[in-house]
Amino acid sequence: MSSRSETNLTPSRLSRDPFGLLRQMTSELDRVFDEPAWPSFRWPTFALATSEAVGWSPGIDVFEKDHRLVTKVDLPGMKKEDVKVEVTDGHLAISGERKRETEEKKDNIYRREREYGSFYRAVPLPEGVKIEDVKASFSDGVLEVSVPLPAKQEAKVRKVEIEEAKPAKATA
């Protein structure tokens with residue numbers, strides 16, 4: 001399992017972001033089942049007999065940095081034209097399709113491999129996100145989408161004075 005620790009989930013952070021724990025759990029489960037030790041759980045093994053494009057799930061990291069919610073998606077071998085990023089219904093939706101063909105010719109050996117697959121990932125966004133300020137960049141097979149986090153309202157505290165209790169009057 002990867003030892004990257006881009007997510008710092010302290011109790012104070014979890015109390016500010018109700019989806020923080022859910023995002024971390026989803027990311028960790030994706031990472032575990034993407035490990036080579038778990039080949040039987042990979043999506044292509046379930047769809048060997050189908051003629052449709054096989055789905056796959058790219059690696060994703062979601063973390064907070066500089067008052068922005070940052071989502072990084074590993075998309076090796078893909079181009080930005082193959083990826084679609086949308087913000088809809090309180091979610092960041094990332095989808096695309098990869099098509100890869102390799103060919104090898106040497107001596108008496110000819111090998112050709114084709115790999116196709118589509119993916120869809122959705123990241124829940126906190127309430128109050130301004131969709132006009134969402135930014136995305138793609139470099140070296142990594143998509144990075146940055147969403148500004150809404151300003152957190154400060155909790156209002158009011159000190160309440162404690163009054164002396166009035167003695168109860170006796171009735172005759």
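H67 counts as exposed because its relative accessibility is 65%, and this residue is found in the loop between β2 and β3. The model in which H67 sits is a predicted one, and the protein it describes has three helices and eight strands. Followed along the sequence, these elements appear in the pattern α-α-α-β-β-β-β-β-β-β-β.

**The protein as a whole**

- The protein has 172 residues, and 24% of them count as buried.
- Its accessible surface comes to about 13500 Å², and carbon and sulfur atoms account for 52% of that area.
- If one takes the contacts in the protein with a separation of 6 or more, 51% of them are between residues that lie 24 or more positions apart.

**Residues with a positive phi**

- Most residues other than glycine have a negative phi.
- H67, which is not a glycine, has a positive phi near 60 degrees, and the loop that holds this residue runs between β2 and β3.
- D140 is likewise a residue other than glycine, with a positive phi of about 50 degrees, and its place is in the loop between β7 and β8.
- Is D140 buried or exposed? D140 counts as exposed, because its relative accessibility of 79% lies over the 50% that marks an exposed residue.
- D107 also has a positive phi, of about 45 degrees, and this residue belongs to the turn of the hairpin that β5 and β6 form.

**The open sheet of four strands**

- Four strands make up an open sheet in the order β2-β3-β8-β7, and their pairing is antiparallel.
- Which strands stand at the edges of this sheet? The edge strands are β2 and β7, the latter covering residues 135-139, and each of them pairs on one side only.
- From one strand to the next, the twist of the sheet averages 20 degrees.
- Strands β7 and β8 pair in the antiparallel sense over five bridges, and within this pairing S137 stands opposite E144 in β8.
- The hairpin of β7 and β8 has two residues between the strands, and D140 is the residue there that takes the positive phi near 50 degrees.

**The hairpin of β5 and β6**

- How many bridges join β5 and β6? These two strands pair in the antiparallel sense over 16 bridges.
- Two residues lie between β5 and β6 in the hairpin that they form.
- As an example of how residues face each other across this pair, S95 stands opposite Y120 in β6.

**The nonpolar core**

- The largest nonpolar core has 18 residues, and those with the most contacts inside it are L75, I94 and L143.
- Five elements give two or more residues to this core, namely β2 (60-65), β3 (68-74), β5 (91-106), β6 (109-124) and β8.
- The largest share of the core comes from β8, which gives three residues.
- Leaving out residues up to four places away in sequence, I94 touches nine residues, which are T71, V73, V83, K84, F119, Y120, R121, L143 and V145.

**A closer look at V123**

- V123 lies in strand β6, and it counts as buried because its relative accessible area is 3%, whereas the cut-off for a buried residue is under 20%.
- Although V123 and R23 are 100 residues apart in sequence, their C-alpha atoms are 7.6 Å apart in space.
- R23 is also one of the residues in contact with V123 when its neighbours within four places in sequence are left aside, and the others are I60, V62, T71, G90, H91 and L92.

**A closer look at S146**

- S146 lies in strand β8, which covers residues 142-148.
- Why does S146 count as buried? S146 counts as buried because its relative accessibility is 12%, and the cut-off for a buried residue is under 20%.
- The side chain of S146 is joined to the side chain of R68 by a polar contact of 2.3 Å.
- Not counting residues up to four places away in sequence, S146 touches R68, L69, D133, V134 and K135, so that R68 appears both in this list and in the polar contact.

Conventions:
Residues are numbered from 1 along each chain as its sequence is written. This is a predicted model: local features need pLDDT of at least 70, side-chain atom pairs count only at pLDDT 80 or more; totals for chains, interfaces and linings use all residues. Side-chain values use heavy atoms; hydrogens and water are left out. Buried means under 20% relative accessible area, exposed over 50%, partly exposed in between (1.4 Å probe, protein chains only). Contact means heavy atoms within 4.5 Å. Accessible areas come from the Shrake-Rupley method with a 1.4 Å probe; for residues, only the protein chains shown count as cover. A polar contact is a pair of N or O atoms within 3.5 Å; within protein, one must be able to donate a hydrogen and the other to accept it, and residues adjacent in sequence count only if both atoms are side-chain atoms. A nonpolar core is a set of buried Ala, Val, Leu, Ile, Met, Phe, Trp, Tyr and Cys residues joined through side-chain atoms within 4.5 Å. Two strands pair if DSSP finds at least two bridges between them. Axes are lines fitted to C-alpha atoms, for helices over the stretch in contact, and angles run from 0 to 180 degrees between N-to-C directions.
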